[in-house]
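Q: Please take a close look at one part of this protein, and set that part in the context of the whole chain. I would like a connected account that also says where caution is needed.

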Amino acid sequence: MMSHYAPPVQISRPDTLSKVWKISLIFGLLGIWGCRGPLQKVELEHAAMGTRFRIVSYHRDPQKVGRAALLAMEKIDRIEQACSDWNPDSEIRQLCRTAPSANPVSASGDLIEILSLAIEISRESAGAFDPTIGPLVRLWRRCQQAGRLPRPDELQRARRAMGIESIIIDVDAGTVQLLREGIGIDLGGIAKGYATDAALKVMEAQGIEHTLIDGGGDISLGVPPPGRGGWRLELEPNGIGGGSSSEGGIRVIFDDRGAVATSGDASRFVEIDGKRYSHILDPATGWGVPGPHAVTVHAAEGAIADALATAISVLEVEQAKSLLDSFPGSSALLFDPAGGPPRVLGEFPGMTNH
Ligand code: AMP
Ligand code: MG
């Protein structure tokens with residue numbers, strides 16, 4: 001049978017190129033294809049949020065994909081500007097400097113949406129996911145640099161500045177008011193999934209529906225390309241993609257829209273006195289989750305999958321199950337550090353070699 005597909009068009013955007021150059025590079029490469037031919041696989045990359053985003057689309061007109069992808073990348077950059085904990089001029093860092101505030105402060109639509117969702121997931125997870133974890137995250141960063149563990153008094157002080165009840169959001173007015181002095185909002189556990197969702201929406205609004213956006217392991221999936229049975233991914237304990245199933249990866253075929261996200265300490269952990277602690281912290285104790293650990297969540301949306309994966313990294317199995325129950329259609333794989341098949345919570349779709 002003849003394939004609908006032409007060979008892939010793979011374009012990476014080296015970060016050192018100027019924007020104008022990058023745009024003309026993309027269109028120069030794409031311009032050699034017509035718009036009525038077979039479906040083309042087009043891949044573009046964009047460095048943002050400390051990772052490399054990948055946009056993979058199937059469409060007859062690669063030029064149209066290129067134009068839409070530039071808009072999607074701009075959207076990702078705007079979300080980074082709103083949410084970054086590393087950039088002191090980001091919207092969230094500026095907002096935190098207003099605390100304690102006697103009055104509500106205007107905030108962007110993206111920030112209101114992501115904060116509202118973060119608070120909802122914090123409530124549903126009984127605080128295992130906590131967007132006010134910033135003071136603890138900073139304490140652990142300082143201790144990592146000093147090569148020591150945090151002291152109990154330091155942990156206590158950082159935890160005192162936490163608490164979602166001191167964030168007041170007025171969605172209709174588009175404002176946020178932060179009541180507690182020293183509050184530090186850290187959206188690192190949800191922002192990438194939110195960004196992959198937002199980028200996918202941009203692509204879809206431009207008519208590019210067969211699109212996958214990968215934000216370094218947080219993946220939003222649009223309508224699968226026809227004739228392939230679905231989106232084919234490989235999930236690994238150490239992240240997503242790259243490995244072969246003989247090394248313990250799990251091949252999945254997602255035949256519908258949705259999202260998948262992985263949290264773990266494979267590349268981000270602190271080792272102090274020979275013991276490994278994750279960059280994911282347990283808000284109840286202040287301690288890094290003991291490693292190694294990895295969890296992959298499938299959910300309807302990227303922001304939800306991202307935040308649930310972070311929360312489940314902290315939770316016991318029974319608590320994780322009830323958290324997944326509050327988000328219909330969500331499921332998880334808990335990878336065993338010793339190897340072997342993962343534990344499946346809920347109905348994880350599309351596993352082919354399990
Ligand atoms: P992820 O890789 O999506 O699991 O996100 C990890 C990041 O989320 C960390 O680097 C912190 O910035 C932040 N974080 C750590 N622990 C938590 C937590 N318990 N709840 C919410 N965010 C967290
Ligand atoms: Mg996460």
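A: What follows looks closely at the pocket, after a word on the model, and then turns to one helix and one residue.

The model is a predicted one, and its protein chain has a mean pLDDT of 88, with 86% of the residues reaching 70 or more. Two stretches fall below a pLDDT of 50: residues 11-35, which nevertheless have 46 contacts in the model beyond near neighbours in sequence, and residues 239-246, for which the corresponding number of contacts is 17. Where pLDDT is low, the predicted coordinates should not be read in detail. The chain as a whole contains 9 helices and 18 strands, and 51% of its 354 residues are buried. Of the contacts with a separation of 6 or more, 61% are made between residues that stand 24 or more positions apart.

The largest pocket has a volume of about 1300 Å³, and its lining is made up of 48 residues, with Gly188, Gly189, Lys192, Arg268 and His279 lying nearest the centre. Several elements give two or more residues to this lining, among them the helices α2 (62-83), α5 (134-146), α7 (191-205) and α8 (302-314), together with the strands β12 (258-264), β13 (269-272) and β14 (275-281). Strand β10 (239-240) is also one of these contributors, and its residues belong to the stretch 239-246 where the pLDDT is below 50, so that part of the lining calls for care, because low-pLDDT coordinates should not be read in detail. Sorted by class, the lining has 20 nonpolar, 18 polar and 10 charged residues.

Helix α5, which gives residues to the pocket lining, is also included in what covers the buried residues of α6. In α6, which runs over residues 152-160, Glu154, Leu155 and Ala158 are buried. Seen down the helix axis, the buried residues of α6 fall within an arc of 100 degrees, and they therefore line one face of the helix. On the other side of α6, Pro152 and Arg160 are exposed.

Finally, phenylalanine 348 lies in the segment after β18 (343-345). Its relative accessibility is 8%, which is why phenylalanine 348 counts as buried. Beyond its neighbours within four places in sequence, phenylalanine 348 is in contact with residues including Leu235, Val252, Phe254, Val260, Val297, His298 and Leu333. Histidine 298 is 50 residues away from phenylalanine 348 in sequence, yet their C-alpha atoms are 6.9 Å apart in space.

Conventions. Residues numbered from 1 in each chain as written. Chains lettered and ligands numbered in written order. Predicted model: local features only at pLDDT ≥ 70, side-chain atom pairs only at ≥ 80, totals over all residues. Heavy atoms only, no water. 1 Å grid on protein atoms, 1.4 Å probe; cavity = no way out; pocket = protein on both sides within 12 Å on 5 of 7 lines; lining within 4 Å. Points joined across faces, edges and corners; volume = space filled by probe spheres on them. Helix = DSSP H or I, 4+ residues; strand = E, 2+ residues; numbered from the N terminus. Nonpolar A, V, L, I, M, F, W, Y, C, P; charged D, E, K, R; others polar. pLDDT = per-residue confidence, 0-100. Contact = heavy atoms within 4.5 Å. Buried < 20%, exposed > 50% of the residue type's maximum accessible area, 1.4 Å probe, protein only. Arc of directions from axis to C-beta.
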